[in-house]
Amino acid sequence: MSETAGSLEHELEGMLEIEKFPPPADFREHAEWADPAIYEEAAADPVAWWTARSKELLDWDVEPTEGLNDSDPPFYRWFEDGRINASAQCLDRHVAAGIGDRVAYHWRGEEGERRDVTYAELLDQTQRFANALKGLGVEKGDVVGIYLPMIPEVAVAMLACARIGAIHNVVFGGFSAESVRERMSFSETKALITVDGARRKGKTAQIKAQVDEEMGDLASLEKIVVIRATGVECPMTEGRDVFFDEVCAAAEPECPAEPMEAEHPLFILYTSGSTASPKGILHTTGGYLTGATTTHRYVFDLKPETDVYWCAADVGWITGHSYIVYGPLANGTTSVMWEGAPDYPHQGIWWELVQDYKATILYAAPTAIRTFIKWGADIPGRFDLSSLRLLGSVGEPINPKAWLWYHKVIGGERCPIVDTWWQTETGAIMITPLPGITETKPGSATTAFPGVSASVVGESEGEPVGEGQGLLVLEKPWPSMLRTLYKEDERFVETYFSRFGVDRYLVGDAARLDSDGYLWVIGRIDDVVNVSGHRLSTAEVESAIVAHENVAEAAVIGQSDPDTGQAICAFVTLNDGVAHTDEVIEAIRGEVAARIGKFARPKRIVWADDLPKTRSGKIMRRLLRDIAEGRALGDVTTLRDPGVMAALEGQIAAEGDDE
Ligand code: WTA
């Protein structure tokens, strides 16, 4: 360790003693929201508060006369008789207000290419593409798949769908084509928008060719639109496939935005749950837009005229939907959009982008911060980061050390940090500091956003835990909540509203409430693993592993990991006669990459001749977690064969010898 790294480490250690960080005086002075009365005002009548925000930040075509319709819980409806078009809120109204030449996205390509896309340009492209989609037979209510890398066209594709009332279904570019197929097939997707190829760290992957291999026989899929992003050759099927640039050039330039019913579906986004089949989270128009726009404005203390905002997520996750596309655009924000990885072409690329664009707000995941810590503070130290005034964190708990490093090395101790807790299901940030008001504690997402009620309750009875640990629940409906699981109403009720009734949304996370009423989110209580902020179901990974011909059985758990938060650890039983070799390990990892995506590959594989099961045959993952983490085993009395654990312990010890 160098001397400077050593002294930084020492300083951070010292800072661990500091319990609370009040908003810096300079920040507070210029903050839009610095009066804590906002919390009481919202709590007095949350529906009225949200309705007021909705009217303050959005221009409805038809203003709603009612806030919440809760006559059929848990199928809550918001702003029901209002009408609004999400693409018009994100584009047309800004152009009409004379700010069409404001940059919406400063896009930077992996090889240094620069594209500044203004609001007027985004509107023009969106209208043309909306017309093109109509020409391809896409109608209001149809589902359109989007499988794209981080290029500005991803926003065009989403907004063009919203413009004509088509429901977009974005799949993260890191998922394999097979996962895309599954998500397209569940949702009966009619058209898919993808690219010829996608770049990653200097290499180009043949996306369209992979899509063709998987999607060829999908009956519902009538059209594939291909964006020429890299210029690689790609197969095109006559009558089904068209190029984006060609259909846009041929399309009429004007496509008036149709005002949609507030509850018209805006998008589906598949996310992982407790079982292998992903859940299609459904969000609707008016409420979702209200949640995303309000939280983006308030949590980031956004000043649309002057801020340069950068959310470094991928648009394929909910963070990208709410805080790269809908929230920022509805607020008329100028954003940075980076195509690539944090270490290509060099490990300082993020900081070079902050410096070049004079970014004022950075919103990133703890896993990225931990990676930067590993690379060393001298890398960001080479760049001018003085433009930054606010930092955000999202996706997983941030450990206090990483928080302090972010605060000191990136924020220069002048930027408040907003640690924002939320989910695909919540649509928008739910637990967070307000940067001009809240005293922060490193590692705590602090308290619920105004108009949101979060509590920690006991596991069995659901009684409020005054102080201490329990299950996190959200007690009142909020506008951007999921409306259902696409085509699975029963699963929606069962998953979120069966344990404590229809009045309380079960989050699926455990949390602790401290004596100041601050919330500390601990992690998932279900079989969901959070790897680098990517949500994965253990069941989904297991079914990919057992798909391999040599595998008899597998059990997957999340194991704590210093870099990725959690990592996938798989206990695998091979078929009789198959040797435990490195080749088999690589083949299993390859199977998972092909079926789900590279990011889901197990980091660790432990050979198991047998798995710990109850008498009824259920795998006891709790014991596997104990053994993987090197903890003392919990209760083993319900095991069918207690000898299994001794054999596994032997296997783990042997694993240590190999290294
Ligand atoms: C976790 C991502 C602690 C949590 C926006 C949640 C967090 C899941 C935080 C949702 C945070 C997200 N602190 N944990 N600030 N933010 N999580 O749907 O377990 O991809 O339930 O949404 O991530 O993941 P999702």
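This passage describes the nonpolar cores and the ligand site of a predicted model. Local features were taken at pLDDT of at least 70 and side-chain atom pairs at pLDDT 80 or more, whereas totals for chains, interfaces and linings use all residues. Residues are numbered from 1 along each chain as its sequence is written, and side-chain values use heavy atoms, without hydrogens or water.

The largest nonpolar core (buried Ala, Val, Leu, Ile, Met, Phe, Trp, Tyr and Cys residues joined through side-chain atoms within 4.5 Å; buried meaning under 20% relative accessible area, 1.4 Å probe, protein chains only) comprises 156 residues. Within this core, F129, F300, V325, Y326, I545 and V572 touch the most other members. Helix 7 (residues 153-164; helices being DSSP runs of H or I, at least four residues) supplies its largest share, 10 residues. Leaving aside residues up to four places away in sequence, V325 contacts (heavy atoms within 4.5 Å) Y105, A155, M158, L159, V315, G320 and A330. A separate core of 35 residues includes L12, M15, W338 and L362.

The ligand is surrounded by 17 residues (a heavy atom within 4 Å), the closest being D419, T420, T424, R524 and R535. By class, this shell has 6 nonpolar, 6 polar and 5 charged residues. At least two shell residues come from each of helix 12 (318-330), strand 20 (417-420) and strand 25 (519-524), strands being DSSP runs of E, at least two residues. Side-chain N or O atoms of R524 and Q423 lie 2.8 Å and 3.0 Å, respectively, from an oxygen atom of the ligand. A backbone N or O atom of E396 is 3.4 Å from a ligand nitrogen atom. The protein buries 96% of the 520 Å² that the ligand exposes when taken alone (Shrake-Rupley method, 1.4 Å probe).

Terms used:
Buried means under 20% relative accessible area, exposed over 50%, partly exposed in between (1.4 Å probe, protein chains only). A polar contact is a pair of N or O atoms within 3.5 Å; within protein, one must be able to donate a hydrogen and the other to accept it, and residues adjacent in sequence count only if both atoms are side-chain atoms. Ala, Val, Leu, Ile, Met, Phe, Trp, Tyr, Cys and Pro count as nonpolar, Asp, Glu, Lys and Arg as charged, and the others, Gly among them, as polar.
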